Amino acid sequence: MLFYSYFKTLVGKEVTVELKNDLAITGTLHSVDQYLNIKLNNIRVVNEQKYPHMLSVRACFVRGSVVRFILLPPGSVDVELLHDATRREARGG
Amino acid sequence: MAAAELIGLEPVQAAAGGGPPLDEEESVIATFERVQLVAAAQDLGEGTLFITEWRVFWLAAAAGYSVDFAAIVMHAVASDDESFGKPCLYCQLDSEEEGEGGLGGSGSGSEEEEAEGEGGQADVLPELRLIPADAAQLDDLFQAFCEGAERNPDWSEDEEEEGGAGGVFFDEDEVLAGAAAASLGVGDVEELVGQDPGRFEDAEGDEFEEFGQRRRAAAGGRERQPNGGC
């Protein structure tokens with residue numbers, strides 16, 4: 001739940017989502033749900049030589065289970081808050 | 001036709017009434033007329049798209065296919081050369097036949113490549129393009145696929161979260177209890193101190209003294225060390 005709560009705070013920010021099939025997409029985070037399904041707008045594909053046809057994509061929906069990494073905007077990472085939240089979650093879990 | 005099946009589309013026959021062959025407890029939620037299907041760069045022509053609780057049917061006079069929402073890795077609104085420059089719904093499918101975790105873990109990557117190399121299929125990307133004749137349908141189509149994916153989270157998560165309403169990991173009481181403890185600032189230190197109230201007291205003596213004690217002990221002294229040894 002921590003990831004979901006945290007990613008919700010990133011809505012409207014630019015993130016890069018890397019899929020398990022190596023496709024990496026940068027876009028504005030439109031929404032995220034509890035399965036970490038992710039909707040992005042204003043997309044560009046990072047590794048476009050491998051996926052040239054993805055250039056024309058406007059909006060996309062990525063299934064949470066195929067996400068390998070999410071690269072966060074550095075300015076949006078509140079280390080103190082995350083530290084606190086992870087500790088709380090670890091204790092609760 | 002082979003290309004469509006290669007990327008994981010299930011060939012289906014239309015039911016008697018011309019609609020999709022539904023299972024029990026399955027129903028058509030939305031229908032999109034005149035949707036062209038391009039599967040793995042092969043144009044299959046125009047057909048009708050049926051969306052049910054857990055899968056998508058595409059039926060045309062010549063052929064019919066279905067694919068589960070759970071196998072759709074991502075979908076996007078796009079327009080490119082292979083959709084003839086027209087706006088389409090671009091879908092990527094899970095490329096592993098029965099991978100337990102969607103696209104599989106990092107370890108399976110090399111095996112997959114080897115298998116593809118042997119079969120000579122390395123350049124078949126598991127992707128679909130759905131091109132509605134009426135481009136205005138595209139947003140509805142995108143939305144329908146989003147809802148379909150949300151209705152069909154992963155199998156493994158279903159198993160782990162039995163009884164969890166919509167995948168909520170903590171119930172309200174648990175969250176409030178955690179928040180209350182945190183706001184009081186209790187928990188951490190008390191837990192760690194446990195049965196040992198002196199745990200975080202300053203160490204008695206310094207290294208120099210300990211060294212002295214040890215030397216005395218080594219010298220044959222039987223005196224009890226205040227720190228209980230080491």
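Colleague: Is B:Glu46 buried, partly exposed or exposed?
Modeller: This is a predicted model, in which local features need pLDDT of at least 70 and side-chain atom pairs count only at pLDDT 80 or more, while totals for chains, interfaces and linings use all residues. Residues are numbered from 1 along each chain as its sequence is written, and chains are lettered from A and ligands numbered from 1 in the order in which they are written. With C-beta atoms placed from the backbone, a residue is buried if 20 or more other C-beta atoms lie within 10 Å of its own, exposed if 12 or fewer, and partly exposed in between. B:Glu46 has 16 C-beta neighbours inside 10 Å, so this residue counts as partly exposed.

Colleague: How far apart in space, C-alpha to C-alpha, are B:Glu46 and B:Ala133?
Modeller: B:Glu46 sits in strand E3 of chain B, where strands (E, at least two residues) and helices (H or I, at least four) are DSSP runs numbered from the N terminus. Leaving aside neighbours within four places in sequence, the contacts of B:Glu46 are B:Arg34, B:Val35, B:Gln36, B:Ala60 and B:Ala133, a contact being two C-beta atoms, placed from the backbone, that lie within 7 Å. B:Glu46 and B:Ala133 are 87 residues apart in sequence, whereas their C-alpha distance is 8.6 Å.

Colleague: Which residue other than glycine, in the loop between E2 and strand E3 (42-52) of chain B, has a positive phi?
Modeller: The loop between E2 and E3 holds a residue whose phi is near 45°. That residue is buried, because 22 other C-beta atoms lie within 10 Å of B:Ala40.

Colleague: How many other C-beta atoms lie within 10 Å of B:Glu25?
Modeller: B:Glu25 is not a glycine but has a positive phi of about 60°, and its place is the loop between strand E1 (10-11) and strand E2 (28-39) of chain B. B:Glu25 is exposed, because the number of other C-beta atoms within 10 Å is 7.

Colleague: Within what arc do the buried residues of H3(B) fall?
Modeller: Helix H3 of chain B, residues 138-151, reaches 20 Å from its first C-alpha to its last, close to the 20 Å expected, that span being 1.5 Å times one less than the number of residues. Its buried residues include B:Leu138, B:Leu141, B:Phe142 and B:Phe145, and what covers the buried residues of the helix includes strand E4 (59-62) of chain A as well as strand E7 (87-93) of chain B. Taking the directions from the helix axis to the C-beta atoms, these buried residues line one face of H3(B), because they fall within an arc of 160°.

Colleague: How many buried residues does H2(A) have?
Modeller: Helix H2 of chain A spans residues 79-92 and, with 14 residues, reaches 20 Å from its first C-alpha to its last. H2(A) is hardly covered, and its count of buried residues is zero.

Colleague: In which element of chain B is confidence lowest?
Modeller: Chain B averages a pLDDT of 74, with 57% of the residues at 70 or above, pLDDT being the predictor's confidence in each residue, from 0 to 100. Over residues 97-122 of chain B the pLDDT is below 50, although this stretch has 26 contacts in the model beyond near neighbours in sequence. Confidence in chain B is highest in strand E4 (residues 55-59), at a mean of 96, and lowest, at 40, in helix H2 (residues 109-119).
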